[in-house]
Structures are given as C-alpha cells and as structure tokens.
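Biologist: Please take a close look at one part of this model, chain A, and set out its architecture in one connected account.

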Amino acid sequence: MPTMEKIKLCCAKCGFVIEEYTAEELAAVPRKAKRYQYLKNKSSICPSCLASGRLSDIRVNEESGPVGAPRVAAPASSTAAPVGHEEHAVSPTPMMDAMSQGRFPSHAAELKKTKYPVQMYEQALQKRRTQWGYGGYVSLPGVASGVLVRSSARPEITKGSNFVRIMDPCGNFFSTASMRGLCDIADKYAYGLLHLLSTGGDLELLGIPTENLKPAVEEITNLGFDIGSTGDDYRTSEECIGPAKCDLTLYDTLGLRAAWYKRFLDDVQYPRFPHKIKCKFAGCPNDCVRGCQKADIFLCGVYRDAPQVDQQKVAKWVEAGGDITTVCSRCPGQAMQWESGKGLRIDEDSCMHCMYCSNKVPGVRPGGDRGVAVLVGGKLRGKFGPMLSRVLVPFIKAEGPDYKEVFDCIEKFTEVYDANARKKERVGDFILRIGIDEFYKLSGVEPAPQLLAQPRTNFFCHWEVEEVMDERKR
Amino acid sequence: MPTITLSGEPFEVDEDGFIQDPARWNESVAKGLASEEGITELTEDHWKVIRFLHNYYAQFGSAPMVRKLSKETGFDLKTIYKLFPTGPAKGACKLAGLPKPTGCV
C-alpha cells in the first residue's frame with residue numbers, strides 16, 4: 001500500500017490533534033499552507049486539556065486509505081434511533097469532556113449519561129457544524145400530528161431519530177408521579193432523555209425507533225397525556241402562571257387555557273390551517289410570555305378603568321423611602337399626581353394601563369373593569385420577518401367556565417385566515433399582504449382607537465374615498 | 001420503478017405506493033390498495049371522499065386543500081382520519097389514484 005507523509009498539529013501537552021494535513025496538500029494548496037503557518041506561530045488553547053501555548057507539529061508516514069473514510073465504523077443494523085450507540089460510546093469525546101468540566105451544570109455530562117449518540121454532538125463540535133440533517137413529520141396510522149423525525153447527515157453514526165411531542169398540562173405543572181411515568185417510557189423506548197419544555201412549551205421524548213412508536217404513544221396516552229402540536233395546526237399554547245402564583249393577573253389564564261383545550265383539541269391534533277398558529281395567553285399587560293412578539297393569537301388581560309389606589313399603603317411606602325416623584329414623572333400618560341397631604345391621584349382618561357405604577361408602587365393595583373384583548377399577527381420568522389401583533393378586539397369580558405365570547409372571536413378570525421391565506425403563510429404575512437384595512441373588513445370588527453398601530457400618537461385615520469368625497473360636497 | 005399487480009394488471013408505483021398513471025385508475029384499484037392502508041372494507045363514506053378527490057384531480061390537475069375537502073364532503077378532519085387512518089394525503093389520495101401530493105391535503 002502507498003504511504004504518504006502526514007503533518008499533524010497537536011497540543012504540546014496532551015497530544016490532541018487540532019488539524020491534520022498531508023505534505024502534498026501543503027505544497028499544492030496555498031490556503032492550507034497559510035493556515036498551517038498561522039496556527040503554528042500562534043498561541044492557542046487546547047479544547048481537550050485547556051492548556052494554552054504553541055502547538056507542536058508531528059510528521060508521520062501513514063498508509064493512505066480511501067478518501068473521506070469515516071473515522072468510526074458503520075453500525076450493522078439499519079433501524080432508526082439508538083442503534084450503533086454501543087460502538088460509539090467507547091470512542092473518545094475530548095470536546096465534550098472539556099464541556100463537562102467546571103462547576104456549572106453541564107449539558108454534555110447529561111447527554112453522556114443517556115443513550116443519545118454522543119458522537120453526533122462531538123463531531124459537530126469538532127467540525128464546527130451540526131451533523132444532523134433535515135427534519136419532517138412521521139405518518140403513524142391513526143395519529144395525525146405529534147410525531148417528528150430528524151434525519152442524520154452522518155448515517156455511519158446514527159440513522160436519525162424520531163421524537164414525539166407531548167402536550168403539557170396548563171401552567172406546565174407536572175406531578176412527580178406522572179413525570180416518573182414519562183421517565184419510565186423514555187427509558188424503555190427512547191434515549192432516556194427528556195427535552196423539557198421546548199420552545200413551544202411542550203415536552204419531547206427523543207430517539208424512539210420507528211417500530212417502538214406505536215407502543216410508546218399508547219403508553220403515553222394511557223398515562224393521561226396526549227401527543228400533538230406539530231404541522232399546520234394550533235401549536236401547544238403557552239400561558240403565564242396566572243392565579244396559581246402571581247398577584248397581578250387580570251383573568252384566570254389556566255382556566256381559559258383548559259377551556260381552550262376542551263374546545264379546540266381537534267384543531268391541535270388534526271392539521272387543517274394554511275400554516276401553524278401559535279397561541280399565548282398573558283394575564284396582564286406585563287406580558288411575561290412574550291406573546292406580543294411571538295404569538296399569532298395573543299390574549300392579553302386588560303382593564304379599562306383607572307388603577308385602584310390604597311392610599312394608606314402608598315403613604316406608608318413613601319414614608320419608608322419610596323421614590324414616588326420619579327414614578328410619577330415616568331408615567332407615560334402623565335396621569336399620576338402626588339401631593340403629600342392629599343395622597344396619590346390617577347387620572348382615568350390619561351391612564352394608558354401600562355402597569356408601570358402597579359409594578360413599582362405597593363398599594364396600586366390594576367382596576368376592577370377587567371377583560372381580555374385579542375391581538376393577532378405577531379411572529380419571529382416567516383416571509384416578511386419579525387412583526388409585532390395588532391389589536392383585533394380591544395376588550396372582551398372573559399367569563400368562565402367556557403369563555404364562549406372569547407373563543408367565538410378566535411374562531412371567526414381563524415375562519416378568515418383559513419379562507420383567504422395562501423399555503424404556508426403565517427398570520428402576520430397574510431395581514432401584511434392583504435392590508436390591515438382589508439383584514440379588519442373581512443374580520444368584521446368594530447372600529448376602535450386601539451386598532452391603530454400606535455394609539456394616542458397617530459391621529460391619521462383611514463377614510464374610505466366615498467366618505468371623504470361626501471364631506472367635500474357638503 | 002417498482003410495480004404492483006392489482007386484479008391481474010401490473011401498475012407502476014413510486015416508493016410510497018402511489019400509482020403513477022391516474023388515467024388507469026378504477027374502483028378495483030382502490031379496493032386493492034385499501035388493505036395496504038389498514039382499511040378492511042370500503043363503505044359509502046369512503047367512496048364519497050375517494051370520488052370527490054378523483055373528480056377534483058381530473059378537473060383541476062391537483063389535490064384540493066383540506067378545507068375544500070371537508071367542506072365539499074361534509075366530513076370534518078377527525079372523521080376523515082377515522083376513515084383513512086394514514087390521513088387524507090397518504091391514505092385517501094393514494095386510494096383515489098392521485099400522484100403523491102406535495103401540498104397540504
């Protein structure tokens with residue numbers, strides 16, 4: 001077999017190979033020669049032992065094998081998920097070892113405790129590029145949504161992985177007993193790894209082989225959970241903790257979401273819309289769930305009257321050193337007035353309900369006339385990029401237990417979206433394409449000052465041509 | 001390209017089992033393909049969906065949107081999944097002799 005001279009740049013202390021070239025390459029490719037000289041003359045930190053210093057170069061004669069041969073042997077079996085793990089578990093993982101050091105909680109250490117194919121992550125770190133391929137949906141008879149697949153760009157390490165998305169209970173509350181059940185399922189069928197509360201607010205079990213999908217889904221269903229929230233349907237909604245832990249909430253977010261599941265569960269599990277619809281429910285305008293930026297449909301708790309002021313509490317706070325003048329000066333509507341003898345006065349008409357005073361001053365609570373505002377069209381991705389949501393209906397009374405008025409409004413809106421939007425068009429893109437006037441006309445909403453993009457600052461109104469012409473004739 | 005034999009005639013199919021030539025579709029083809037999709041017996045409801053899909057394809061040359069399908073046949077999506085366990089795209093379109101749909105059905 002022919003031999004070729006290989007030049008390896010290694011850590012001087014532990015011998016970890018940083019880069020490797022052949023002598024022919026260095027002679028023929030100026031780019032590589034330049035990089036070799038650069039790395040050789042530079043002080044660098046070894047990713048394996050974290051020692052800093054110059055790299056040493058070693059020249060060895062090696063038998064030349066086939067070009068691009070995989071470093072690790074391909075697994076014999078051809079099934080989907082955790083196969084081949086045993087062979088790769090013993091391969092060295094210097095980059096992940098380095099990430100396991102230190103006092104902080106390490107994801108690398110957690111991954112290594114499970115059946116996750118660690119070489120996929122290790123190779124990604126070494127090559128500085130992910131080794132996973134494209135993703136998609138898996139068709140499981142009888143299950144319309146909830147099962148996904150992520151294929152592998154390195155089939156010699158792993159063939160890919162299926163995973164199921166489990167819809168979380170309201171408020172992301174899991175009892176330890178049901179969590180134990182989910183852990184047993186993950187140990188039995190999957191990698192033994194929980195991806196807790198992914199960005200959509202749900203829980204994913206990673207790495208289920210295709211033949212195990214059906215029994216795994218059956219066991220999850222028997223446990224009282226359900227899978228769903230993939231494809232062009234309602235995704236699992238997120239809501240703030242609401243009355244379970246917070247004192248500022250203006251309506252029962254958990255109850256509303258439970259009612260939402262009761263009414264729209266079919267639309268969560270059976271994809272029928274042009275694109276996904278994400279819903280978020282916030283208890284107050286503080287918007288801890290970031291619904292205004294991220295949700296296609298966003299229900300925000302609002303109040304219409306002035307904030308309630310407990311004068312004694314406020315006076316006590318001011319006596320203890322509370323800086324009431326600064327709070328008053330920062331009120332965006334200039335609605336707050338403080339006089340030491342008379343107490344705090346908040347003007348109802350100037351109040352913008354921004355929650356600043358309620359957050360800062362103990363004794364100022366949101367007003368009593370409470371309800372829900374429906375906002376639509378926020379998103380981060382999509383054709384036209386990030387958008388903030390617009391008000392569809394400024395105020396609806398949120399009355400349990402079935403919240404009929406709120407959900408009728410949502411259903412009417414989704415009908416408009418479903419009938420008029422193009423394939424794979426998010427709500428924000430759809431509104432931008434047809435125009436906000438046309439959209440409000442289709443939705444049939446009552447005109448209100450809150451529908452403007454910037455209420456109280458924008459005094460240009462959208463008039464129909466005929467209306468203006470009539471005015472002129474008079 | 002693989003072929004399958006239904007009622008004595010060979011049919012060319014793609015890797016997912018969709019027949020390639022919609023013009024050669026007839027009712028015996030649907031009956032033959034039904035067992036593959038986990039359907040034991042084709043009822044009148046099945047035929048309503050299959051005939052609608054086939055006629056729509058013959059007229060417009062593409063598969064209809066899900067909304068159109070459920071509106072015209074009167075079945076909601078859950079019922080369609082009960083009739084065709086693999087869903088409207090994989091199950092119903094295959095039985096109706098449509099090529100593999102790329103869109104949302």
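Modeller: A residue is called buried when 20 or more other C-beta atoms lie within 10 Å of its own, exposed when there are 12 or fewer, and partly exposed in between. The model is a predicted one. By that scale A:N172 is partly exposed, because its C-beta has 14 neighbours inside 10 Å. A:N172 belongs to the loop between β7 and α7 (176–189) of chain A, and its phi is near 55°, a positive value in a residue that is not glycine.

A:Y403 likewise departs from glycine-free expectation in its backbone: its phi is positive, about 50°, although the residue is not a glycine. Its surroundings can be judged by the scale given above: A:Y403 is buried, since 26 other C-beta atoms lie within 10 Å. The loop that holds A:Y403 runs between β18 and α14 of chain A. A:P401 is found in the loop between β18 and α14 (404–420) as well, and the peptide bond leading from A:G400 into A:P401 is cis, with omega near 0°.

A positive phi, of about 55°, is also taken by A:R128, just after α6(A). Helix α6 of chain A covers residues 118–127, and its buried residues are A:Q119, A:Y121, A:E122 and A:Q123.

These local features can be placed in the wider layout. Chain A is divided into domain 1 (3–63), domain 2 (96–229), domain 3 (238–303 + 369–451) and domain 4 (308–365). The centres of domain 2 and domain 4 of chain A, taken over C-alpha atoms, are 49 Å apart.

One open sheet of chain A has 5 strands in the order β5-β6-β7-β9-β8, with antiparallel pairing. Its edge strands are β5 (132–137) and β8 (194–195), each of which pairs on one side only. From the edge strand β5(A), 4 bridges lead to strand β6 (residues 147–152), and the two run antiparallel. Within this sheet, A:G135 faces A:R150 of β6(A) as its opposite residue. Helix α8 (residues 213–222) lies across β6, β7 (160–166) and β9 (203–208) of chain A, and runs at about 20° to β7(A).

A further open sheet of 5 strands in chain A follows the order β10-β11-β12-β17-β18, and its pairing is mixed. Here β10 (238–239) and β18 (390–396) stand at the edges with a single partner strand each, so one side of each has no neighbour in the sheet. The partner of β18(A) considered here is strand β17 (residues 370–376), joined to β18(A) by 4 bridges in an antiparallel arrangement. In this pair A:V372 stands opposite A:I396 of β18(A).

A hairpin completes this survey of strands. Strand β14 (residues 336–339) and strand β15 (residues 343–346) of chain A run antiparallel and are joined by 4 bridges. The link from β14(A) to β15(A) is a hairpin of 3 residues, and A:W338 stands opposite A:L344 of β15(A).

Finally, chain A meets chain B: 10 residues of chain A are in contact with 12 residues of chain B. The side of chain A that touches chain B comprises 3 nonpolar, 2 polar and 5 charged residues.

Definitions and conventions. Residues are numbered from 1 along each chain as its sequence is written. Chains are lettered from A and ligands numbered from 1 in the order in which they are written. This is a predicted model: local features need pLDDT of at least 70, side-chain atom pairs count only at pLDDT 80 or more; totals for chains, interfaces and linings use all residues. Two residues are in contact if their C-beta atoms, placed from the backbone, lie within 7 Å. Ala, Val, Leu, Ile, Met, Phe, Trp, Tyr, Cys and Pro count as nonpolar, Asp, Glu, Lys and Arg as charged, and the others, Gly among them, as polar. Two strands pair if DSSP finds at least two bridges between them. Axes are lines fitted to C-alpha atoms, for helices over the stretch in contact, and angles run from 0 to 180 degrees between N-to-C directions. Domain bounds come from an automatic or database domain assignment.
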